[in-house]
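Here are a few friendly notes to read alongside the model. I have kept them as numbered points so that you can check each against the coordinates.

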Amino acid sequence: MENLVQDVQAQATGRNPRFLRNTSSAWGAALICLLIVAVYYRVLGKLVIDWWRIPDFSHGFLVPFFAAYVVWAKRATLIATKIAPTWNGIVVVAFGLAVLLLGVYGAELFLSRISLVILLAGLVLGFGGHQLLKELRFALLVLLLAIPIPSIIFNEITLPLQMLASKLASDLLPLFGVPVLREGNIIQLPLMSLEVAEACSGIRSLMSLFTLSIFYGYFMEKTFLRRAMLAMASIPIAIAANAVRILGTGLCVQYWDPDKAMGFFHEFSGWVMFLVSLGCLFIVHRIMLLFTFKRSAA
């Protein structure tokens, strides 16, 4: 009642405290956004260029939109969340800026980019409190999917995938009457050698499918465990799909036309197998639902 009287009196004098507070908050948020852009515009610009130029990370374009949707979908919960600013946010913000400086002067893009997520978490914590950060943690964590992993880790993942894809394909080809001899990531066929290069390791489809499985799990499941199960299921699905792709390429080399097999078919089959992988992920989800239904019926 007291606040209402104050608002009426303020309106009579032409000054509205709520309006002034809202305007002040809006200007403060705009200033913070401008400062973030001023500090991170080079980092973000290079990140977008990498999404565009490096096919392995092209899924990064989808991630910010998905994170924004997550925040929008929880708007009612966020509005109802108690705001309790804390000075701990300043510590997190300072840590994020320290990571940025370390990344910039150490020429490590991954640190520079991940520092933005840390900074955003610190701002949410500082201005909104622990409960607001808890509500926004998924949206913040999902932003990490848009950040390319460091080259040293990327190479450690890619090489084993190359070897695994080569082994699986060389084990399957003899079942279709194609004699093979594998030397590392080189599959010797009767007509030519088939090299499982870094681009054919399956890392691109693996990262894209893993990202999409998280999106799919968010929309289709409610519990963290089942979402995690879907995300983990995407890994063997992507590996198996890539092995089948290499198998198909080997069969086309042997029984059709080597030039066409290494050209149109090799590129087109990548899209086909990715769609098949999405279908397999859907089937896994349906099996999970069926298993849950049977347990509930029992």
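**Helix packing and overall make-up**

1. Helix 6 and helix 7 are roughly antiparallel to each other, because their angle of about 155° lies over the 145 degrees that marks this class. Do have a look at this pair in the predicted model: helix 6 covers residues 109-128 and helix 7 residues 130-142, and their axes are 8 Å apart. The crossing of helix 6 past helix 7 is right-handed.

2. Which residues of helix 6 and helix 7 make the contact? From helix 6 come Val 117, Leu 120, Ala 121, Val 124, Leu 125 and Gly 128, and from helix 7 come His 130, Leu 132, Leu 133, Leu 136 and Leu 140. Sorted by class, the residues of this contact are 9 nonpolar and 2 polar, with no charged ones.

3. Now a second pair, for which the geometry is of another class. Helix 8 (residues 151-172) packs with helix 9 (residues 203-220) at an angle of about 115°, and their axes lie 10 Å apart. Helix 8 and helix 9 are therefore roughly perpendicular to each other, a class that runs from 65 to 115 degrees.

4. On the helix 8 side, the residues that meet helix 9 are Phe 154, Ile 157, Thr 158 and Leu 161. Their partners in helix 9 are Ile 203, Leu 206 and Met 207. By class, this contact of helix 8 with helix 9 holds 6 nonpolar residues and 1 polar residue, and no charged residues.

5. A loop residue may also be worth a click. Ile 54 sits in the loop between helix 2 (17-53) and helix 3 (62-73). Is Ile 54 buried or exposed? Ile 54 has a relative accessible area of 30%, so it counts as partly exposed. Its C-alpha atom is separated by 9.7 Å from that of Arg 204, although the two residues are 150 residues apart along the chain.

6. Stepping back to the whole chain, there are 11 helices and 3 strands. Read from the N terminus, the order is α-α-α-α-α-α-α-α-β-β-β-α-α-α.

7. Finally, some totals for the protein chain. Of its 298 residues, 37% count as buried. The chain exposes about 18200 Å², and carbon and sulfur atoms supply 71% of that area. Among contacts with a separation of 6 or more, 68% come from residues 24 or more positions apart.

Note on methods
Residues are numbered from 1 along each chain as its sequence is written. This is a predicted model: local features need pLDDT of at least 70, side-chain atom pairs count only at pLDDT 80 or more; totals for chains, interfaces and linings use all residues. Side-chain values use heavy atoms; hydrogens and water are left out. Helices (H or I, at least four residues) and strands (E, at least two) are DSSP runs, numbered from the N terminus. Buried means under 20% relative accessible area, exposed over 50%, partly exposed in between (1.4 Å probe, protein chains only). Contact means heavy atoms within 4.5 Å. Accessible areas come from the Shrake-Rupley method with a 1.4 Å probe; for residues, only the protein chains shown count as cover. Axes are lines fitted to C-alpha atoms, for helices over the stretch in contact, and angles run from 0 to 180 degrees between N-to-C directions. Angles under 35 degrees count as roughly parallel, over 145 as roughly antiparallel, 65 to 115 as roughly perpendicular and the rest as oblique. Ala, Val, Leu, Ile, Met, Phe, Trp, Tyr, Cys and Pro count as nonpolar, Asp, Glu, Lys and Arg as charged, and the others, Gly among them, as polar. A crossing is left-handed if the near helix is turned anticlockwise from the far one by less than a right angle, and right-handed if clockwise.
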